[in-house]
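Visitor: Could you take me on a close look at a single part of this structure? I am new to this, so please explain the terms as you go.

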Amino acid sequence: MTTATNQPTEETQLHRLNKPALDFEAALHSALEEMGEKFGVYDITAQSGPITPACLATQAGIPQRVAQVWLDSQAAENYLKHYATTGLYCLWSSWPRMVR
């Protein structure tokens, strides 16, 4: 006969350790998504083709640093392709246009 222990499993312990980071990531992603909608950066990126952070900032009326963070986050999530040699960002060629 085996008895159940109240000891958390390794998976449960890892989940508890990762939960704050996952919650933060979700909040940041949500804020960046809302910003993308509010300032039209999704539409600008879809319509412009390859774009630099400076160009996006000018077209959206936002600071260049904000445009850079937004573009980097979208590239990290694989929504955009980043060409490091040119500094350009663009939608993946197979990604549907997000213009409404």
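Guide: Let's start at one residue and work outward from there. This is a predicted model, in which local features need pLDDT of at least 70 and side-chain atom pairs count only at pLDDT 80 or more, while totals for chains, interfaces and linings use all residues. Residues are numbered from 1 along each chain as its sequence is written, and side-chain values use heavy atoms, with hydrogens and water left out.

Our residue is Thr 45, found in helix α2, residues 41–48 (helices are DSSP runs of H or I with at least four residues, strands are runs of E with at least two, and both are numbered from the N terminus). Thr 45 has a relative accessible area of 3%, so Thr 45 is buried (under 20% relative accessible area, with a 1.4 Å probe and protein chains only). The side chain of Thr 45 reaches the backbone oxygen of Val 41 at 2.7 Å. Leaving aside residues up to four places away in sequence, Thr 45 touches Leu 56, Trp 70 and Leu 80 (contact means heavy atoms within 4.5 Å).

Now look at those neighbours. In the largest nonpolar core, which has 18 residues, Val 41, Leu 56, Ile 62, Trp 70, Leu 71 and Leu 80 touch the most other members (such a core is a set of buried Ala, Val, Leu, Ile, Met, Phe, Trp, Tyr and Cys residues joined through side-chain atoms within 4.5 Å). Elements giving two or more residues to this core are α1 (10–38), α2, α3 (53–60), α4 (64–76) and β2.

Finally, follow Leu 80 to its bridge partner in β2, Leu 91. Strands β1 (residues 80–83) and β2 (residues 88–91) pair in the antiparallel sense over four bridges (pairing requires that DSSP finds at least two bridges between two strands).

How values were computed. Buried < 20%, exposed > 50% of the residue type's maximum accessible area, 1.4 Å probe, protein only. Polar contact = N/O pair within 3.5 Å; in protein donor to acceptor, adjacent residues only side chain to side chain.
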